[in-house]
Amino acid sequence: MEGQSYARMPRVKIRELRDDYARFELRDTDASIANALRRVMIAEVPTIAIDLVEIEVNSSVLNDEFIAHRLGLIPLTSDRAMSMRFSRDCDACDGDGQCEFCSVEFHLMAVCRNDETQDVTSSDLISSDHTVVPVDYSESAASIDASDGISGNKKGGITIVKLRKGQEVKLRAIARKGIGKDHAKWSPAATVTFMYEPEIHINEDLMESLTLEEKKEWVESSPTPVFEIDQVTQQNQIVM
């Protein structure tokens with residue numbers, strides 16, 4: 001068939017998949033497709049991040065701009081990103097952040113009333129949408145008293161600022177949908193890389209001529225754990 005040499009039918013096999021890590025195998029294609037996937041993962045996948053911060057009270061050692069920048073880099077759960085609208089395309093609001101279609105509102109209020117340094121972390125952020133929260137958010141870790149804004153010190157989360165006695169932070173933040181091409185805070189991945197993996201074929205006839213001791217030496221000769229000996233068949237095999 002004409003043009004058959006340019007046809008690509010890539011295959012994907014998941015090797016490892018966790019909440020914060022994925023490793024997969026891409027076959028029957030070339031480096032241009034792998035690199036295209038890498039670039040799309042970094043810059044084209046929409047996520048949700050804090051984009052607007054209104055600070056009402058800030059008596060901490062950090063200025064307003066510094067705190068706003070730190071808030072923008074806090075990763076948020078983005079399961080809802082695909083159903084949200086981009087704020088620039090939303091016709092249901094005027095961009096004030098109070099729109100259920102294109103934004104999520106956060107509030108933070110913290111006051112230090114004792115002599116110990118108090119950490120204000122991402123777990124202190126109160127979201128208007130329970131599906132959009134800081135990635136490391138845990139209800140059991142957050143001990144927030146909404147009545148006076150006092151929060152516990154020993155909790156998880158990303159540190160935003162540290163307060164000393166008498167210092168206070170009170171703010172409102174708006175999270176919006178975006179992509180990494182617009183700003184790195186919307187990039188869903190810390191890093192995406194790819195590498196070539198060799199195809200290894202074991203000469204079974206030659207392996208049959210080796211003794212068990214020689215097979216063990218051959219396995220141990222590899223600087224990385226590529227091969228192992230099957231304890232049942234006593235045959236060399238590739239570590240998966």
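This passage walks through strand β10, the charged pairs around it and a loop glutamine next to it in sequence.

The structure is a predicted model, in which local features need pLDDT of at least 70 and side-chain atom pairs count only at pLDDT 80 or more, while totals for chains, interfaces and linings use all residues. Residues are numbered from 1 along each chain as its sequence is written, and side-chain values use heavy atoms, with hydrogens and water left out.

A good place to start is β10, which spans residues 168–178. Helices (H or I, at least four residues) and strands (E, at least two) are DSSP runs, numbered from the N terminus. β10 is mostly covered, with 9 of its 11 residues buried; buried means under 20% relative accessible area, exposed over 50%, and partly exposed in between, using a 1.4 Å probe and protein chains only. Strands are said to pair if DSSP finds at least two bridges between them. On that basis, β10 pairs with β3 in the antiparallel sense over 10 bridges, and Thr 47 stands opposite Gly 178 of β10. β10 also pairs with β4, again in the antiparallel sense, this time over 9 bridges. Here Met 109 stands opposite Lys 170 of β10.

Just ahead of β10 comes Gln 167, which sits in the loop between β9 (159–163) and β10. Gln 167 is buried, at 15% relative accessible area. Its side chain reaches the backbone nitrogen of Arg 164 at 2.8 Å. This is a polar contact, meaning a pair of N or O atoms within 3.5 Å; within protein, one must be able to donate a hydrogen and the other to accept it, and residues adjacent in sequence count only if both atoms are side-chain atoms. Leaving aside neighbours within four places in sequence, Gln 167 touches Ser 59, Ser 60, Val 61, Ala 110, Val 111, Cys 112 and Lys 162, where contact means heavy atoms within 4.5 Å.

Next come the charges. Side chains of opposite charge can pair when their charged atoms come close. A salt bridge is a side-chain nitrogen of Lys or Arg within 4 Å of a carboxyl oxygen of Asp or Glu, and by this rule there are 17 salt bridges. Asp 51 takes part in one with Arg 176, the closest N and O atoms being 3.3 Å apart. That pair links distant parts of the chain, with Asp 51 in strand β3 (residues 47–58) and Arg 176 in strand β10, 125 residues apart. Asp 51 is partly exposed at 32% relative accessibility, whereas Arg 176 is buried at 12%. Asp 51 also forms a salt bridge with Lys 185, with the closest N and O atoms 3.0 Å apart. Since Lys 185 lies in the loop between β10 and α3 (204–208) and Asp 51 in β3, this pair ties together parts 134 residues apart in sequence. Lys 185 counts as buried, at 18% relative accessibility.

Arg 88 and Asp 182 make another salt bridge, the closest N and O atoms being 3.9 Å apart. Arg 88 is in the loop between α2 (64–72) and β4 (103–111) and Asp 182 in the loop between β10 and α3, so this pair ties together parts 94 residues apart in sequence. Arg 88 is exposed at 59% relative accessibility, and Asp 182 is partly exposed at 45%.

Arg 88 has a ring partner too: its charged end sits over the ring of Phe 86, 4.5 Å from the centre. The rule here is that NZ of Lys or CZ of Arg is within 6 Å of the ring centre and within 35 degrees of the ring normal. Arg 85 lies over the face of Phe 101, at 4.4 Å from the ring centre.
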